[in-house]
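Student: I would like to go through the labels on this model one at a time. For each I will ask what justifies it.

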Protein chains: 4
Amino acid sequence: MSIDALVAPLAGRQARPAGTVVRAGGVEFGGPAVVVAAGPCAVEDEDQLLSAARAVKAAGARVLRGGAYKPRTSPYSFQGLKTDGLKLLALARAETGLPVVTEVMDARLLDHVMACADILQVGSRNMQNFTLLEEVGRCRVPVLLKRGMSATLAEYLLAAEHVMKHGNGQVILCERGIRTFEPSTRNTLDLGAVPMLKRHTHLPVIVDPSHGTGVAWMVPAMACAAVAAGADGLLIEVHGQPSRALSDGGQALTFDEFAGTMGRIAAVASAVGRGLA
Amino acid sequence: MSIDALVAPLAGRQARPAGTVVRAGGVEFGGPAVVVAAGPCAVEDEDQLLSAARAVKAAGARVLRGGAYKPRTSPYSFQGLKTDGLKLLALARAETGLPVVTEVMDARLLDHVMACADILQVGSRNMQNFTLLEEVGRCRVPVLLKRGMSATLAEYLLAAEHVMKHGNGQVILCERGIRTFEPSTRNTLDLGAVPMLKRHTHLPVIVDPSHGTGVAWMVPAMACAAVAAGADGLLIEVHGQPSRALSDGGQALTFDEFAGTMGRIAAVASAVGRGLA
Amino acid sequence: MSIDALVAPLAGRQARPAGTVVRAGGVEFGGPAVVVAAGPCAVEDEDQLLSAARAVKAAGARVLRGGAYKPRTSPYSFQGLKTDGLKLLALARAETGLPVVTEVMDARLLDHVMACADILQVGSRNMQNFTLLEEVGRCRVPVLLKRGMSATLAEYLLAAEHVMKHGNGQVILCERGIRTFEPSTRNTLDLGAVPMLKRHTHLPVIVDPSHGTGVAWMVPAMACAAVAAGADGLLIEVHGQPSRALSDGGQALTFDEFAGTMGRIAAVASAVGRGLA
Amino acid sequence: MSIDALVAPLAGRQARPAGTVVRAGGVEFGGPAVVVAAGPCAVEDEDQLLSAARAVKAAGARVLRGGAYKPRTSPYSFQGLKTDGLKLLALARAETGLPVVTEVMDARLLDHVMACADILQVGSRNMQNFTLLEEVGRCRVPVLLKRGMSATLAEYLLAAEHVMKHGNGQVILCERGIRTFEPSTRNTLDLGAVPMLKRHTHLPVIVDPSHGTGVAWMVPAMACAAVAAGADGLLIEVHGQPSRALSDGGQALTFDEFAGTMGRIAAVASAVGRGLA
């Protein structure tokens, strides 16, 4: 299907030519300022999460990310702290005041996750889990819907349409790398998706350069490129000791690297006529 | 991850060097004979389903396929007859004696679907819906797990491992086309997956040439090629009037075309030392 | 570009609805029988080539393949014996009577290569080397044009059109695997290309399962699948001692494996109403 | 092959840790400043080329691009003005003082093209035309080597190694979009290639957002993103009347659009600590 022939009456740009601002915990996605969400891939323990939350807040992040339920390719990998992870996220939110984005994988746990989250993340592997899309569509909490690994942009907007059709118009899109033949990175970050999505939908569009590359030292450059391409925000993985991370350590920035990256992001945001939120 | 470095103690070939036979309603997947499952993409009404069930049985199919719950890219496309569709499948099973394979999209509906199905299908879009994999893993019904559109074979075997780890070892794999740059077909059927999977797992491997191409006139040739490559079975879409189908009509065979295709499949199965079940 | 909208007045099926038979050294590509071309990836020395030529002839191959000029990703890999390789091919042809197919990479060497070759191979990396296509288009020798690694089928047929427009209608097409995200094989063999090409062009279509997989033990299964899909021929790499091959040893069959494979190919060819040439 | 295991003694970063500056007509690629090369896809006539050359120079471009020999998918498309196109490029160079980059497709025409060009472009389709790489490797003129449509970065660096091994170390690399499943753009611009290449080679790396997207309105955003990602330069298509262009009009900027884009590029270059050349 051609994206120009897309029939998405709710998600399509024509439905709200001026663009949608999604608000969560006092932060605005889709407004003039660029929003940075940061934190560890997975919640591992109180010290790991709290220290990361304080560090990313100090460096200018406005949203805390962290996974309590982790979709893992192998059933033998760390699956997340689950309920205990949610409690730690609530604790970090209480201490830092940062709103929390965390992934929900199971429609039956929605109430449980919503109690600790300001934004519900639907991961790449669930982009076309229509049962889950329908259920988050019935919630009144913003949804961060990540692009599927091989989803076309037309399919991606129709996944957002599934959510919106059930009543929830607070959807944030997130480019996070697609699957290609290139083996030197985990995924190929498709930054052309940013202007293409912005043209065809009114929803905010952010970028995850951490999953998009899988390579920590590439994250600063690709974060800057994402903002230059027009992204409304970034989702960045940060860990106190990346080499000890229980998942995806190879793509996490240290606290110092993240602080340095924030300075570079701010400069580029300013160059394209925006600031940091 | 390299498939040779795969850690899949349950799904890996070494767990059962002689291979696993999955039995459903008197039919054996993974035995010496090639099994053909056929029927419409979606259950549309009693006449459509029953006529198709009779036609595919008469032509030699041993399993009836048909979707009651349909995952659709757009929320405005036909979503399936749902409960009514399940009832019609039960009716077709009762009349023809063919075991039924149908898709389950929602863990909460498992009991409901199992009442009418002999094999639970997990679709491509849900190959890494780990919640659903866990739940079908707790069932004692065979699972037909389709390969994700951009899943590597290592990821695919680990998805099967998720199911098996929860206790259900009756998993059938199904290559159904992958996403590539080629636009002339809906997907690119990856028949090399058949010998590669057979070497690395003991589970039965079947092929869906209907979704794998999206082009009805290609189905007979690709069905024969799949059997020549070593497939243990086929999943083929058949419709009384493809041009009137509510979903995927472009890839469905008519009753006559299916009967002709069965003859060609039988000849190739014989040439590679197997027969039709 | 859609293959259905293709403008290829010379290569398009409508130009010769009955199909084209390309003749080389008494062998017919595109006729009722399936033609097998076999031999080493690269010509290495007299004993290696001659022993392979005798072995493949004895097993039923009708054409000898072997590279004298080798396109190699790294400039530090073996580049072929060049002129000495051509002389050895001429010797092998004289002894066995098998026509020879070998690659030409440089338009300036065409006369030189044609003196020893019955079929000129244009490799995947040169599928859109329009200078070379134009020059082989001026020759009166059959051309084996391999599909580019990421060429769409429409682009592929237009590459053939480049050759034909310059006067040479004796073009054989060859599917040899495309580039995808799957890492367990060197390429992904796209057997759907066979029926799709046969429908849109009158030219013969053969398949190279050796490059298409890069994995010797997969070659027999994929060779059979190619014939079942409708291929007019096969191109198979054979080497007396694959582990000592100077290029692509991992995908070469031994003499015994090739002989066994020929038996399996013959059975499938018969099942689809064809024989071996 | 893993890029980390790459054996490229000449192109690898370790050969010149400080990086290589390639000089052409007074312009430096790979130095502190970002270089913009711009002009029409194809040279069409004197007025078209001269007006474009003046316009891009006035807006700040430092190199003129324009094709005299055009590689075209179809043999029935405009193939370029050839010798007449080269003469017009020489004329435009004489009038504006801008050095010229133009494509060479045929090793036999190298002297002819070098007489009018300051930089020899080897196009994507010829990235592994090893005959041509060898011949431009024997020249003493800078070479702009574009990435192949489905070339891995390791293969790309080895293509540069082919050129350098024959004596020409003046190679500029250019990311120009890769082939993926996404249909809404002509190619998928892989900006992650910029930092990855910069880490593994000392050669300058530029980006072509015009071919990389195929969509004119996306070019400004992607040009800015490329500079933010660390590109040493840009290659941008500009045409006085894009709708009348004989090739690739859909991706060309008008003179005004190009001037506006230059301002945006300059701001981002400054934000990342560089200026425009």
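Student: What makes strand β3 (residues 35-39) of chain C and β10(C) a pair?

Tutor: DSSP must find at least two bridges between two strands for them to pair. Strand β3(C) and β10(C) have five, in the parallel sense, so they qualify as a pair. One of these bridges joins Gly39(C) to Glu237(C). The strands themselves are DSSP runs (E, at least two residues), as helices are (H or I, at least four), numbered from the N terminus. This is a predicted model, in which local features need pLDDT of at least 70 and side-chain atom pairs count only at pLDDT 80 or more, while totals for chains, interfaces and linings use all residues. Residues are numbered from 1 along each chain as its sequence is written, chains are lettered from A and ligands numbered from 1 in the order in which they are written, and side-chain values use heavy atoms, with hydrogens and water left out.

Student: Which strands does β10(C) pair with besides, and over how many bridges?

Tutor: β9(C) pairs with β10(C) in the parallel sense over two bridges. Two satisfies "at least two", so the pair stands. Val207(C) is opposite Leu234(C) in β10(C).

Student: Which strands make up the closed barrel of chain C?

Tutor: Its eight strands run β3-β4-β5-β6-β7-β8-β9-β10, with parallel pairing. Neighbouring strands are turned by 25° against each other on average, direction ignored. The axes behind such angles are lines fitted to C-alpha atoms, for helices over the stretch in contact, and angles run from 0 to 180 degrees between N-to-C directions. Within the barrel, β6 (residues 119-122) and β7 (residues 143-146) of chain C pair in the parallel sense over three bridges, with Val122(C) partnered by Leu145(C).

Student: Why is β10 of chain C called largely enclosed?

Tutor: Five of its five residues are buried, so the rest of the structure largely encloses the strand. Buried means under 20% relative accessible area, exposed over 50% and partly exposed in between, with a 1.4 Å probe and protein chains only. On one side these are Gly233(C), Leu235(C) and Glu237(C), and on the other Leu234(C) and Ile236(C); both faces are covered.

Student: Which is Leu120(D), buried or exposed, and why?

Tutor: Its relative accessible area is 0%, so Leu120(D) is buried. It lies in strand β6 (residues 119-122) of chain D. Contact means heavy atoms within 4.5 Å; not counting residues up to four places away in sequence, Leu120(D) touches residues including Thr102(D), Val104(D), Met114(D), Val141(D) and Leu144(D).

Student: And why does Gln121(B) get its label, buried or exposed?

Tutor: At 5% relative accessibility, Gln121(B) counts as buried. Among the residues it touches beyond four places in sequence are Glu103(B), Lys146(B) and Leu235(B).

Student: How do you know that the length of helix α9 (residues 255-271) of chain D is consistent with its residue count?

Tutor: The expected span is 1.5 Å times one less than the number of residues. For the 17 residues of α9(D) that gives 24 Å; the end C-alpha atoms are 25 Å apart, which agrees.

Student: Which residues of α9(D) are buried, and what makes them one face?

Tutor: Phe258(D), Thr261(D), Met262(D), Ile265(D), Val268(D) and Ala269(D) are buried. Seen down the axis of α9(D), they fall within an arc of 135°, so they line one face. The arc is that of the directions from the helix axis to the C-beta atoms. Asp256(D) and Ser270(D) are exposed, on the face turned away from the buried side. The buried residues pack against α9 of chain A together with β3, α1, α8 and β10 of chain D.

Student: What makes Lys82(B) notable in its phi?

Tutor: Most residues other than glycine have a negative phi. Lys82(B) is not a glycine, yet its phi is positive, about 55°. It lies in the loop between β4 and α2 of chain B. Lys82(B) has a relative accessible area of 39%, so it is partly exposed.

Student: Where does Asp248(B) lie, and what is its phi?

Tutor: Asp248(B) is in the loop between β10 and α9 of chain B. Its phi is near 55°, again a positive value in a residue other than glycine. A relative accessible area of 22% makes Asp248(B) partly exposed.
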